[in-house]
Amino acid sequence: MIESIWGGRIVSESALSTRINAVRGAIGDSGTDQRLIKTLPRKGVRFIGNVREERKPSETAAANSSEHRTIEIVNHHPVMGALPGWHAPSTEIVDAPALPPVTSAPASRRFWGGRARAAAIAAICVLVSGILTWSFLARSAQSEQTRANIETAAKLIRISEMIHMTSRQDYEAARAIRQWAVELDRHNAAALSSLSFAIVTGVLNHWSDDAIADLHAADLVLQDALAIAPGSRTARGAQCQILRAMRQFEAAIKACGELAENFPDYAFPHKEIGYDRLMMGQPDEALAEFLEADRLAPDSQLRWSWQQGIGLVYLMQGEDQKAIEWLSRAAVEAPNAGHPVAYLASAYALVGRGQEAREAMDHYLKLWPDTTLKTFGPTIGSAAFSSNMQRVLEGLRLAGLPD
C-alpha cells in the first residue's frame with residue numbers, strides 16, 4: 001500500500017496508520033470498533049461493511065408494471081487487496097405475486113400528494129444545501145491544514161539549520177526534524193535538500209548505521225528536490241555531496257564546479273571539490289579549494305570541515321606546525337566530530353608532543369572506542385589517497401591508536 005500510494009517515497013510507518021484512521025473517521029468507524037474497516041494482523045486491512053444495491057427509479061417503475069417482479073437479494077463484501085477467503089457476490093431470484101392494479105387517487109389525495117412532493121423537494125434542497133456547505137467548509141479546513149503544514153515545515157527547516165552537525169547526536173536530531181518537515185510538505189525543495197544533506201553527512205562522518213540504505217534514501221529525496229527546483233543552490237549542493245559519498249569524484253567535481261560558477265560566493269562547492277581532490281590523491285589542488293572556501297565564508301558553521309581539510313593536507317605533506325594550527329581550530333569548533341582531534345593527535349605525536357598527543361587521542365577514543373588503525377576512516381579514497389595517509393596513520397600509532 002505504501003508503494004501504491006506514496007510511490008516509494010520516504011514516509012514513516014505511522015503515516016499509513018494515520019491515513020487509515022482518517023478513512024475510518026470519515027465513514028464513522030474507529031480502530032476500536034472496526035465495524036467497516038478491519039485490521040488483519042500480518043495481512044493488511046479489509047472493508048467488511050454490508051453493501052446494498054438499489055434499483056434506479058426507472059427500473060423500479062418498469063418492474064412494477066409487469067405481472068411479476070424479481071427481487072435481488074445481494075450479499076456482497078468488497079475486498080481490499082484481494083485477500084484470500086472472500087467469494088464473489090451471490091444473487092437469489094425470488095418470484096413474488098403480481099402487484100394489484102393501480103387506480104387513480106381522489107382529487108384531495110392528489111392535492112395532498114402534491115403538497116407532500118413539494119415538501120419533499122424542499123427538504124431535499126435543504127439537504128443538498130447542507131451537503132454543499134459542509135463540503136465547502138471541509139475543503140476550507142483542508143486548505144487551512146495544508147497551509148499550516150507548509151508553514152510548520154518551513155519553521156522546522158529553520159530550526160534544523162541551527163543545529164551544527166558536529167556529532168552523532170546533532171546529526172540524529174537534525175535528520176529527525178528534517179524528516180518531519182518533509183512529511184508535512186512533500187513539495188518543499190528546501191526541506192528535501194536539507195534532509196539529503198543530513199543523511200549524507202551521517203554517511204560521510206560514519207554516523208550512519210546502514211550507509212547503503214541511507215545513500216539510497218538520500219538519493220530519492222534529492223531527486224524529488226531537483227524535480228521541483230532544478231536550479232536550487234541547496235539541491236545542487238546536496239547533489240555535489242552525495243556524488244562524493246558515492247565515490248563518483250570526477251562527476252562530483254564537475255557538478256560542484258558548475259555550481260561554483262553559478263554561485264561565485266558559495267563556499268560549499270569549494271569545500272566539496274577540495275575533498276574530492278584529496279580523495280583522488282591531489283593534495284595541492286585540494287588545499288587551494290579549501291583555502292578558497294575559507295576566504296568566502298570565514299564565519300560559516302561549516303568552517304571546521306575545510307579547516308580539517310587544510311590541516312590534513314599539511315599533515316600529509318609534513319608541515320606539522322601548520323597542520324597543528326588549522327586542526328586545533330577545527331577541533332575547537334567541532335570537538336565531538338572525531339576526525340579533527342584524531343588528526344591533531346597525529347600531528348602532535350609526529351612533532352614529539354607526546355602528552356598532548358595522548359590527551360587528544362583519549363578524547364577521540366571516547367567518541368569512537370572501537371576504532372583501530374585498520375578501521376580508521378575515511379574509507380572512500382583512491383589508492384593515491386591511501387598512500388598519502390600513511391604518514392597520518394604513523395602519527396596515530398604514536399599517539400596511542402591501537403593496531
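Reader: Which residues is Tyr364 in contact with, leaving aside its neighbours within four places in sequence?
Author: Happy to start there, and do keep in mind that this is a predicted model. Contact here means heavy atoms within 4.5 Å. With those close sequence neighbours set aside, the partners of Tyr364 are Gly338, His339, Val341, Ala342, Thr371, Phe376 and Leu401.

Reader: Which helix gives the largest share of the largest nonpolar core?
Author: This core holds 84 residues, and Tyr364 and Phe376 are among those that touch the most other members. In soluble globular proteins, nonpolar side chains tend to be buried together. The largest share of the core, 9 residues, comes from residues 189-204, which form helix H6.

Reader: How much of the chain is buried?
Author: A residue counts as buried when its relative accessible area is under 20%. The chain has 403 residues, and the buried part of them comes to 37%.

Reader: What is the volume of the largest pocket, and which residues lie closest to its centre?
Author: The volume of this pocket is about 1,100 Å³. It is lined by 45 residues. Closest to the centre are Thr201, Gln241, Phe268, Lys271 and Leu302.

Reader: Which helices each supply at least two residues of that pocket's lining?
Author: H6, which also gives the core its largest share, is one of them. The others named with H6 are H7 (211-228), H8 (233-245), H10 (268-279), H12 (303-316) and H14 (339-350).

Reader: How many residues of the lining of the largest pocket are charged?
Author: Sorting the lining by class gives 23 nonpolar and 14 polar residues. The charged residues number 8.

Methods. Residues are numbered from 1 along each chain as its sequence is written. This is a predicted model: local features need pLDDT of at least 70, side-chain atom pairs count only at pLDDT 80 or more; totals for chains, interfaces and linings use all residues. Side-chain values use heavy atoms; hydrogens and water are left out. Buried means under 20% relative accessible area, exposed over 50%, partly exposed in between (1.4 Å probe, protein chains only). A nonpolar core is a set of buried Ala, Val, Leu, Ile, Met, Phe, Trp, Tyr and Cys residues joined through side-chain atoms within 4.5 Å. Helices (H or I, at least four residues) and strands (E, at least two) are DSSP runs, numbered from the N terminus. On a 1 Å grid over the protein atoms alone, a cavity is a set of points where a 1.4 Å probe fits but cannot get out, and a pocket is an open set with protein on both sides within 12 Å along at least five of seven lines; lining residues have an atom within 4 Å of a point. Grid points are joined across faces, edges and corners, and a volume is the space filled by probe spheres set on the points. Ala, Val, Leu, Ile, Met, Phe, Trp, Tyr, Cys and Pro count as nonpolar, Asp, Glu, Lys and Arg as charged, and the others, Gly among them, as polar.
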